[in-house]
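Please open the model in your viewer and keep the selection panel at hand. The tour below goes from one selection to the next and says what is found at each stop.

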Amino acid sequence: ILQGTMSAGSNYTSAFTPGTLHVTPAPLVITADDRSKTYGDAEPALTFAVGGSGLHYGDTLSGALAAPFGPAATAGTHAILQGTLTASSNYSLTFTPGTLHVSRAPLLITVDDQSRGAFQDNPLLTATVSGFLYEDDLSVVSGLNLSTTAQRNSAPGEYAIVAADAQAANYDIAYENGILEVTSE
């Protein structure tokens, strides 16, 4: 701290000893906002709230938050991290991560309709799966059970083919059941 224009009158002999102004960094609290998306959707814009004493004199932050998994983030919760977001040395930055909530994408299992003659064995029951994203395929689906009440000696008519029990980590599974037609032949 300098003397500047301060002076004593002519009746005084003055001596000045400089002082020191200690400036501490201003507290700055950055809190990442929670976001949500569905598996397969683009990553949402990552935003944050500024707290503490805030930014001063038109100062700005540089960099960006990071959700390290990007658009292919699996279903579940993931941390939104500080990434490259920084403030100048005039601030003491404290960061609170946010959460990216990723919900499951829809997946449809459609049972294929079948037919057979009376007193024959049921054909192999099959289904078509639609809605896979990225490189996903049938290998991500487990436990699929296809069944019908039609037996070898069932009377001619239509019998439901029912799908159940399928599981896939990133998908909510819906079913469209099929029909097994037993003909009189």
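A residue is called buried when its relative accessible area is under 20%, exposed when it is over 50%, and partly exposed in between, with a 1.4 Å probe and protein chains only as the setting. This is a predicted model, in which local features need pLDDT of at least 70 and side-chain atom pairs count only at pLDDT 80 or more, whereas totals for chains, interfaces and linings use all residues. Residues are numbered from 1 along each chain as its sequence is written, and side-chain values use heavy atoms, with hydrogens and water left out.

**The whole chain**

Begin by selecting the protein chain, which holds zero helices and 13 strands; here helices (H or I, at least four residues) and strands (E, at least two) are DSSP runs, numbered from the N terminus. The radius of gyration of the chain is 34 Å, well over the 16 Å that the globule rule gives for 185 residues, so the chain is more spread out than a compact globule. That radius is taken over C-alpha atoms, and the rule is 2.2 Å times the number of residues to the power 0.38. Along the principal axes, the C-alpha atoms fill a box of roughly 130 × 20 × 20 Å, and buried residues make up 25% of the 185 residues.

Contact in this tour means heavy atoms within 4.5 Å. Among contacts between residues at least 6 apart in sequence, 57% join residues at least 24 apart.

**Strand β1 and its partners**

Next select residues 26–32, which form strand β1. In a regular strand the side chains alternate between the two faces of the sheet. In β1, Ala-26, Leu-28, Ile-30 and Ala-32 point to one face and are buried, while Pro-27, Val-29 and Thr-31 point to the other face and are not buried.

Now add residues 91–96, strand β5, which runs parallel to β1 and is joined to β1 by six bridges; two strands pair if DSSP finds at least two bridges between them. Within this pairing, Pro-27 stands opposite Ser-92 in β5. Then add residues 48–52, strand β3, which pairs with β1 in the antiparallel sense over five bridges, and look for Val-50, the bridge partner of Ile-30.

**Asn-170 and Asp-172**

Move on to Asn-170, in the loop between β11 (157–164) and β12 (171–176). Is Asn-170 buried or exposed? With a relative accessible area of 12%, Asn-170 is buried. Not counting residues up to four places away in sequence, Asn-170 touches Tyr-39, Thr-74, Ala-75, Arg-104 and Ala-105.

Select Asp-172, which is found in strand β12 and is partly exposed, with a relative accessible area of 48%. Leaving aside neighbours within four places in sequence, Asp-172 is in contact with Arg-104, Ala-105, Pro-106 and Leu-107. The C-alpha atoms of Asp-172 and Leu-107 are separated by 5.9 Å, although these residues are 65 residues apart along the chain.

**Two positive phi values**

Finish with two loop residues, and check the backbone at each. Asp-165 lies in the loop between β11 and β12, and its phi is near 70 degrees, a positive value in a residue other than glycine. Tyr-134, in the loop between β9 (127–130) and β10 (145–148), has a phi near 55 degrees, again a positive value in a residue other than glycine. At 43% relative accessibility, Tyr-134 counts as partly exposed.
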